[in-house]
Number of protein chains: 2
Amino acid sequence: MKKTSLKDIAQKAGVSTALVSYVLNGKEKETRVGEAIAHKIRELAKEMNYQPNHLAKSLRSGKTHTIGLIIADISNPFFANIARVVEDEAKRNGYTVIIGSCDENADKSWDLLNVLINRQVDGFIIVSCEGSENQIHYLKERNIPFVLLDRHFPDIQTDFVATNNYKASYDAGIHLIKGGYTHIGLMAYKSDMYHMEERIRGYKHALQDNQIEFQSSWLKEVQFESMDHEVKTAIDEILALDHKVDALIFATYGLAINGLKYINELRLKVPSDLAIVSFGQAEVFDLYYCPITYMRQPLEMLGKTSVEYLLKKLKNPDEGMKQILMEAKLIARDSSFAKSVWVK
Amino acid sequence: MKKTSLKDIAQKAGVSTALVSYVLNGKEKETRVGEAIAHKIRELAKEMNYQPNHLAKSLRSGKTHTIGLIIADISNPFFANIARVVEDEAKRNGYTVIIGSCDENADKSWDLLNVLINRQVDGFIIVSCEGSENQIHYLKERNIPFVLLDRHFPDIQTDFVATNNYKASYDAGIHLIKGGYTHIGLMAYKSDMYHMEERIRGYKHALQDNQIEFQSSWLKEVQFESMDHEVKTAIDEILALDHKVDALIFATYGLAINGLKYINELRLKVPSDLAIVSFGQAEVFDLYYCPITYMRQPLEMLGKTSVEYLLKKLKNPDEGMKQILMEAKLIARDSSFAKSVWVK
DNA sequence: AATTGTTGCTTAATCGTTTAAACAAAAAAT
DNA sequence: ATTTTTTGTTTAAACGATTAAGCAACAATT
């Protein structure tokens, strides 16, 4: 049983395919299709369960109503959730999303980009990974519409939707300082990505603005690929210091998970031995015996806005560049409970 | 700058599009294309950065090299991970995956199915949700290839790849019994789905085979939609019983997360107050102060095999039905530490 | 009565491929 | 020298839709 096509309907109705197309696309008025025949066509279409062939439509129109979503790391629940938001929002607008994760690997990202371009996606939403600047330039050159999500490149003029990472990190620092912590560490990725630099910058400024001198031994930058054991070493180190750290900020979800596991192994008490604030968000943080304070990023808004920007651009390619930084919100939990209260 | 098409190359080379197509598809031998011209075409293609238009190819061939993956609940990390496996395996075989989550809702599943059918996916891999039997019948009637993943319907003859849930649940029970636990509860979803029934059946048999009389008050079936608070009530109840439960099996990841959070709130000690074994798997279970014993399902194998089955079916639609049940493996951790050891 | 306008429909090109069939020229066999 | 075979290439239809342009038939206007 083959799928019914316009032609099948046309044949059965004894008219040309043009008429059928007009009617089923609601163009009967403009194109002056006869009342009676229009009715008949609609009947037949329903009867024969006509479903238009997207491929043919797309080939003709040059629009696939498909968005390519390239995500740096889909195993991170923050990104997984944002992907869901993007998918839902796109669906609400009649778009389908094809998702790909490049696992923080620029080569993989290239492959994905090409596969999706060949699939004629109308545009991209991209959570960039390190070393993928050339890909952004490529898209710009080829005039393929795209919006950067969560991470962007300050040196490249693009549309983007991201979090104010400087501010978020600054706030995290301030929160701990206000809580009476004075030796505050930051665990981040070793990376040239702007969002990571911003998180480091915000952290440093928070210390500086409160007359705490930043110690370079407090900042631990670990490699994404060898996170598992580098995190352990880093924690060992910051705890062995003279000016031993009493609070630690994790700059990403992955670091937090690894770090907390190890802190568990060490039988350290949070927050008395070590206070914690983390980026990223996941129900997981509630599972820890002591709920984890974290920076809540406006996940829904980020996802929705990125779709909105992209769709606007698809409708009107000449629209101006859109850039927005959204604020994260600190969710205070027990893991950063004020030292001033429980000390003494 | 428009994309280069076959025609563009043909023009520049001064030949017909047919030749170009033959050469670029490696059919030069069968179709006897001249050595020289073939070379020239290949050169030009590279030079002009030719990328075939997938839409046109698909329209012509009737094959999109795209798989629709419908997942009951993508926010469950087990499913999220299996989705990644499916995606990777498909990519390795030159297929693209379009993922949709129906959030355990049969209507949403219908929508997804239709969207994807209109997009002309070649076939489906489906993690079914409750009440979606009609959709399976629909696919069978329309002769659209598909493979059920993780969940299947015993009353409908289909290809499927799933876990032996009966055995897994039985093993979970046996493990606890051997550990000296005698009052064992099971928290499951209220559902007609076969995989859930099997998990209940396995649990009951484990008790029965060890002369423990099953108490209906030990089995808690909660609604997926109102899981948050129903789980709490359920835990309250099984702890208030005369024959109070000393161990609890969570039949899914979502139940475990909610349950463990609440157990934390109650300040119950695992495993001394309550031992835990859970289905589902996630790094999260390591984060709990007391690592959680769980049934590891062969995630990689499940995903890969489902792709393999589907692709085989796409190549040869008449191939026989393939069904396989894989075994889960119990990963013993502290949360189910043998009572016989710590109780004097 | 000739012109113009309106209505209702068909024709045919197009999107970018694939591929069976046709064709012409050269080479081989009779 | 004619026929057959081989070789290299082109033609054109097809996939399933959209849509500008064309064409009758009839009605309305001059």
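**Reading a two-chain model with DNA**

In the surface near DNA strand C, α4(B) gives the most, with five residues.

Trainee: On what basis should the model and its numbering be read?

Mentor: This is a predicted model, in which local features need pLDDT of at least 70 and side-chain atom pairs count only at pLDDT 80 or more, while totals for chains, interfaces and linings use all residues. Residues are numbered from 1 along each chain as its sequence is written, and chains are lettered from A and ligands numbered from 1 in the order in which they are written.

Trainee: Which residues come nearest to DNA strand C?

Mentor: A residue is near a strand or molecule if its C-beta atom, placed from the backbone, lies within 6 Å of it. Of the 27 residues around DNA strand C, Gly34(A), Ala18(B), Ser21(B), Asn53(B) and Ala56(B) come nearest. Two or more residues are given by each of α2 (17–24) and α4 (54–61) of chain A, and by α1 (6–13), α2 (17–24) and α4 of chain B. Such helices (H or I, at least four residues) and strands (E, at least two) are DSSP runs, numbered from the N terminus.

Trainee: How do the residues of that surface divide?

Mentor: Ala, Val, Leu, Ile, Met, Phe, Trp, Tyr, Cys and Pro count as nonpolar, Asp, Glu, Lys and Arg as charged, and the others, Gly among them, as polar. The surface near DNA strand C has twelve nonpolar, ten polar and five charged residues.

Trainee: By what turn can chain B be laid on chain A?

Mentor: Copies are superposed by least squares on the C-alpha atoms of residues with pLDDT of at least 70 in both. Here a turn of 180° with a shift of 0.0 Å along the axis lays chain B on chain A at an RMSD of 0.1 Å. That is the relation of a two-fold axis.

Trainee: How many residues of the two chains are in contact?

Mentor: Two residues are in contact if their C-beta atoms, placed from the backbone, lie within 7 Å. By that criterion, 33 residues of chain B are in contact with 32 residues of chain A. On the side of chain B that touches chain A, α4(B) gives the most, with five residues. That side of chain B divides into 17 nonpolar, ten polar and six charged residues. Of the interface residues of chain B, 97% are also interface residues in chain A, so the copies meet through the same surface.

Trainee: In what order do the strands of the open sheet in chain A stand?

Mentor: Two strands pair if DSSP finds at least two bridges between them. In chain A, six strands form an open sheet in the order β2-β1-β3-β4-β5-β11, with parallel pairing. Its edge strands, β2 (96–101) and β11 (323–326) of chain A, each pair on one side only.
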